[in-house]
Every structure is written in structure tokens, then in C-alpha cells.
There are 2 protein chains.
Amino acid sequence: MNLKTLASHLGLSQTTVSRALNGYTDVSLATRNRVAEAAKNFGYRPNVNARRLATGRSSVIGIAFPTDMNMFLDPHFIEFLAGLSEKASQLDYDIMISSSQNDEVDVYRRFAEKGTVDLVILSNVDLSEERIRLLQDLNIPFIVHGRTATCDTYSYIDINNYSVFHDPTKMLLELGHEKIAILNGHPDRVYAIERFHGWQDALNERGITPNPDYVRSGVMSEENGYSFAMEVLQLGERPTALLCSSVIMAKGAYKACSDLDIKVGSDISILAHDDSVPLANATEMDPPLTVTRSPLRDAGREIAIMAMKYLKGTDIKELQCLWQPELIFRKSVAAPPRDDI
Amino acid sequence: MNLKTLASHLGLSQTTVSRALNGYTDVSLATRNRVAEAAKNFGYRPNVNARRLATGRSSVIGIAFPTDMNMFLDPHFIEFLAGLSEKASQLDYDIMISSSQNDEVDVYRRFAEKGTVDLVILSNVDLSEERIRLLQDLNIPFIVHGRTATCDTYSYIDINNYSVFHDPTKMLLELGHEKIAILNGHPDRVYAIERFHGWQDALNERGITPNPDYVRSGVMSEENGYSFAMEVLQLGERPTALLCSSVIMAKGAYKACSDLDIKVGSDISILAHDDSVPLANATEMDPPLTVTRSPLRDAGREIAIMAMKYLKGTDIKELQCLWQPELIFRKSVAAPPRDDI
DNA sequence: TCAATTTTCCAAAGCGCTTTGGAAAATACT
DNA sequence: AGTATTTTCCAAAGCGCTTTGGAAAATTGA
């Protein structure tokens, strides 16, 4: 069933039927309803490729799927993708994924030049702005998940990573903690750098000199969480609080504490940032983990909405989100132990 | 740059240029080369939507992305998707994912009716054949990852789940084990049922009556692995071997053994099926875990190839793959402990 | 009542490609 | 030499939609 036959069944022109289905007001409400009903009865669905050709829009959002052979698939990315895809479906956009083994930008370029996608989502940005600049040069609409230095020139969504470590550090200081160690993400990542500064500044604001021995960075795995915690917990001046960049890392830290017979929530306070990814449920830990929380799935959903707005012409300046993570206090944090016990 | 202007630049007709680019032999090799070069120089890329409209083919493969709010994203699915997307890119197919919160088949129906996708991948099939029958009724091309009872009527790829438990059980019996427990997946899943039968038959073939106490089934999480193992290891007649449905479960079982002071690889033998998903590396376990192995990513790659063949008209009968998992022997398995020690 | 508006519809063009059904040119066959 | 065949190219139609630029009909205003 195509427009033409539907139109002839209705005794109307293609034009009218098309406009009716697209809700134009220059066709009377009566016929609009009549057309809608007929379309439903005949099970008519407009051919998307014809529409795409006619309008020049595809209503497809592209995203690179990082599938390097031996790299394990980041659950963070998947969680984000889940939110994106969910919301996009609701908004009548489709998501096209493309494996980016080779050059990611090349994938995007082809996508855009061929008219496959209207817009591209950029994920996992690093300090280098190469990809961003290329997309800007190619004039391909895009939205970034994360930020770089020139983020005022494009549309993005990010969380305030400075706060992610600044707020908990400040809270810990108020509780009386002074020896606060951080188990951070990979030092090349923008978010890790921001978090580091958040921690550093919070300490400095209190007149405390940040102790470089209390800083560890690396891939946010449970193994690293364990070994980093082991290291800092066996320093001469053992920290009284541990700030982790992810719940997974905190899990490793919990294990280290258990191995060293240090009681979390009394002997030591542990906090983490919680992206709400599977297999890392902060509330089910023992004791429940205090976190700054910002579900990645929500970010995915929001970026779908932003994409839609972008394509509808909303100004870039209005499509720059910086989310403030919420600090959720649980049993893993307490005042530091009194020295005289 | 479109066909028309490219053609006029070359002083050729659109027809010729189009056919040249598509490698038809009714345009001379000389002009074919000339056209190819010009296309490259001008950076010409055919508009996919126009092509799709003209040919009726989209070269897009659709797959439902199960993103239920509170269901955690199965890493198995992701791993499969990674393989699929990787191979599809190489074969010049695109992958469209659609969130399937509501009715998955409905998503497919719309996809197919609108001409968005040429073919659909069905994953996570269960005993009910509802979805398969619907796709067959709607005449939507599809390939199934997994199998159901009527699998001779469609194209699929699956592993021999009967072997997954039959082969290791047989091997254990030959080593002298008789008390073999299984930590299986959810009992509704087709693969879990097949595996159960594999175990059961292998025992019966040796004249051993399968002990129902030695059977546990449930979601293949580390937690379940731990608790299932705890249960069977504390039975009056403790099993000498544990057969797990996934490496993740085996991890839990290892932990249970450690808690009960049972030495894996000497006091007890443990095996598992290994889909090669991230965060579950059998070789890095201590002792290294014996597995039947069949990487899900490979299955994803293969299904992309099958999809291409299907769309090129290959007969369904030639697109039914049943992969035999390989049994990889490692230190977690040994002969059963002698009773007199 | 007739002209000016507004409402409602439509014919036709166009999106950029593929494909059909030849035609012209080149080559091969008597 | 003239005819048959093959090679190489092309004009035009068509894929199924949207959109433009009216035209006809209905409504309003005087």
C-alpha cells in the first residue's frame, strides 16, 4: 500500500493525503481524520526511503560502536547507548551503530555524505579535539557526550566532574577527615583530570596541602581498585577516607579493606562516583556505598532529546548541559576514627 | 555532488556513470576506470536514500536492543552485537538498533513495512515460538540466534548446547568422576534444557542415574554460582565435579570452594561454558578454568555473513549453522580424589 | 449582490538514484 | 561487400514521497 493507491481509494490527491497525514492545517480537519482512519485501516506506512529522499532528512542518529577486537566493551558505553536508543525510539528517531575499528571520523563522514544519518553522537572524547574539529570542518551535525576545552563551540552533555570529587571531599573535610586518598580514572581522560582538580581545590580551600602519595590513577577496574587501595592503605600515614572514580573500583577497595581487616564505615570512609551501570550496585554493597550519582542511561536519554532539538534548529547555546551529580549519603561514610582508641 | 553533475562533468549519461560505478560489464573497462577516478576526485558518494528507493533494498540489518528500565544489559548480547556490527560494517551493511521496551515484533513489523531494514536478527529466543511465527507470517526476512523446535523452517545460528554438557560430562566420567553436579542457566531457556539433557544422557550412557540433588538452575550470575555451589558442596554426598553454564557462575563456584577450603583442580574439578564475554576470563582464573568455548562475538560475525547470503538469495537450508563448541582442558580439572587419602 | 478573503484541495515537479528497452558504433562472419 | 552479432552507451520511466504554486470552492465583507 502506497500513497498513490491510498489516495485513489479515498478519492483524493496524493498531495492532500500526504499533507493530511503530516498534519498540515491546509487540509480540513474532517478529511484529515478521514485520511488518518483510512491509513490505519489499510495499514499504510509511508516508505521511509522515499520520504528521506524527498525531505533530505533521515531521522537517523549515528553512533560509533567501539568494538576493537581485544578491547572489552565498556559497560558505561552500553548503558549510555541503552538510554539513547530508548528515547530515540520514543521520539521516532532510529539509531544506527557503526563499528569503529578503523577511523571513527571516517565512518561519520561517509554517513553524512551519503545521507544515512542526520546527526552523530560523539562519545569517549579525550583531550585531543581532532575528531571534533573534523566534524566541524565537514559540517556534520554532532553532539558530544563529554566535553573538551572548546566546548562552547558545540552542543554537549556532561556531568560536572569537578564537583564529583570536590563535593565529597568538602563533606569529608567537614566530618573531620584530612587524609583523603583518591582512586581516580585514567589520567588522560578529561573527567579524571577535572576530578583531580576538584579534590585538590577542596583541600587547598581548607589550607591542607594535597598529598601526592594519596593519588592513584588508572583504568577503573575492580583489580585496580583493589591494588590502589592496598597501596594507599599501607602507607605510613594511612588515609581515613577513599574517594573512588567508580563503584567497580570501590568494590576492589572494599575487598582490600576486608583483606587488611579495616572496617568500612568506621575505620575508613569510602565514596565513589556512581554511573549506575550494571554489576555495580552501590546500595547492595556492605556497607552501602556513599556516592555521587548520575546515571549514564539518563544522559543517553537526554542526548536523544537534544539531538531532536538540534535538528529542529535549536541554537547550540541552548544545547549545552552540565549536570550536577547528586551526593547520596550511605553507611560507608562516617567521621574519622578517634586516634586515642 | 550527485550523479547528474558527475555525469555531465564526464560527458556521459547518468545511466552509464551509474552502471560504471556499480561495475556492470556493459560499460567498457576504460570508461569504468575513468568514471571511478572522477568519482574519487570529486568525492562523489551515491545518496543512499535515493538508491534505497530505486532498488527497494536498504542494506540495513535491524536488531532489537533489550533496554528494559530495570533489566541489566546482558553482556552476552553486547558481545554478540559487537561481532555483528563489526562484520556488517565490513560487508557494507548498516546495523539499526531499536529499543524494544514494548513489543519487539511490532518494532520489526514497522521496520519492514517502512522499508527501513531488509532483514532482522532475532536474539534471546525462548521456547515460545510466537515471535518467529509472527515474522514468518509477516514475511519479514530474519535470522535467529539460537533455535526453537521448528528450526528447520528458518535460518539460524546456534551452538550445540547438548554437547556443551555432554562432552565434559563424558570426559569427567572417563577420568573417574561419578558425582557430577550442574550449575545451569535459567530452566526456561532452550539452551539450559539442552545442556541438562546432555548431562543426563552422558550419565545414563554409563549406567549412572542422574542425581536430582545435583541440578541447580537460575540466572547465570556470580551470586547464583556461589550459592548453588555452596548448596551442592554441602550435600551429604559431595560431588567431585561441577559443571557450570557460564564462566561467571564458575567464578562464584570458585569462591564457594575457597570459603569451604576445597581445592579446585584437586579436591574438586570445575568446568564451564565460555562465551568469551568480558569480565570473565577463564584463563586468568586460579587455577585456569577448563571450558567448552564458543565466542559469542564470532557468532555475531557469522550471522552478519549469513544475513548477506540470505539477502543474496541463498537457500535457508544452507543457512543453518550449528557450531560445535571446543573443549579446552585446563588445570581446574583432574581425576577425582582417592577416597583413602 | 459582487468583490475580496480564506479555506481546501490538487497537478506537476523534484529528490537522486536504478533499470528497461533500445540505438548507434564497433566487430565478426559469410 | 553486406549482414549478423557484440559492445558500448543513453533517453526516459519509475521508485514513493514532499512541496510548490496555484485553482476552485466556500466564506466574509461591503
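Begin by selecting Phe142(A), Tyr154(A) and Tyr156(A), which ring pairs link into a cluster; rings of Phe, Tyr and Trp (its six-membered ring) count as a pair if their centres lie within 6.5 Å, and planes under 30 degrees apart are called stacked, over 60 edge-to-face and the rest tilted. Keep in mind that this is a predicted model, in which local features need pLDDT of at least 70 and side-chain atom pairs count only at pLDDT 80 or more, while totals for chains, interfaces and linings use all residues. Residues are numbered from 1 along each chain as its sequence is written, chains are lettered from A and ligands numbered from 1 in the order in which they are written, and side-chain values use heavy atoms, with hydrogens and water left out.

By the ring rule there are eight aromatic pairs over all chains. One of them joins Tyr154(A) and Tyr156(A), whose rings are edge-to-face, at 6.2 Å centre to centre and with 75 degrees between the planes. Both Tyr154(A) and Tyr156(A) are buried, where buried means under 20% relative accessible area, exposed over 50% and partly exposed in between (1.4 Å probe, protein chains only).

Now move to chain B and select Phe142(B) and Tyr154(B): their ring centres are 5.9 Å apart and their planes stand at 40 degrees, so this pair is tilted. Phe142(B) belongs to strand β4 (residues 142-145) of chain B and Tyr154(B) to the loop between β4 and β5 (155-159), so the pair ties together parts that are twelve residues apart in sequence; helices (H or I, at least four residues) and strands (E, at least two) are DSSP runs, numbered from the N terminus. Are these two residues buried or exposed? Phe142(B) counts as buried at 5% relative accessibility, and Tyr154(B) is buried with a relative accessible area of 1%.

Next, select DNA strand C together with the 27 residues around it, of which Thr15(A), Thr16(A), Leu3(B), Ser18(B) and Tyr44(B) come nearest; a residue is near a strand if one of its heavy atoms lies within 4 Å of it. Sugar and phosphate make up 61% of the atoms of DNA strand C that come within 4 Å of the protein. The surface near DNA strand C receives at least two residues from each of α2 (14-21) and α4 (48-55) of chain A and α2 (14-21) and α4 (48-55) of chain B.

Zoom in on the polar contacts here (pairs of N or O atoms within 3.5 Å; within protein, one must be able to donate a hydrogen and the other to accept it, and residues adjacent in sequence count only if both atoms are side-chain atoms). A backbone N or O atom of Ser13(A) is 2.9 Å from a phosphate oxygen of DNA strand C, and a polar side-chain atom of Thr15(B) is 3.1 Å from a base oxygen of that strand.

Turn then to DNA strand D, where Leu3(A), Ser18(A), Tyr44(A), Thr15(B) and Thr16(B) come nearest among the 27 residues around it. Which atoms of chain A reach a phosphate oxygen of DNA strand D? An N or O atom in the side chain of Asn22(A) lies 3.1 Å from one, a polar side-chain atom of Tyr24(A) lies 2.9 Å from one, and a polar side-chain atom of Tyr44(A) lies 2.8 Å from one.

Stay with Tyr24(A) for the last stop, and add Arg19(A), which lies over the face of that ring at 3.7 Å from the ring centre; a charge sits over a ring if NZ of Lys or CZ of Arg is within 6 Å of the ring centre and within 35 degrees of the ring normal.
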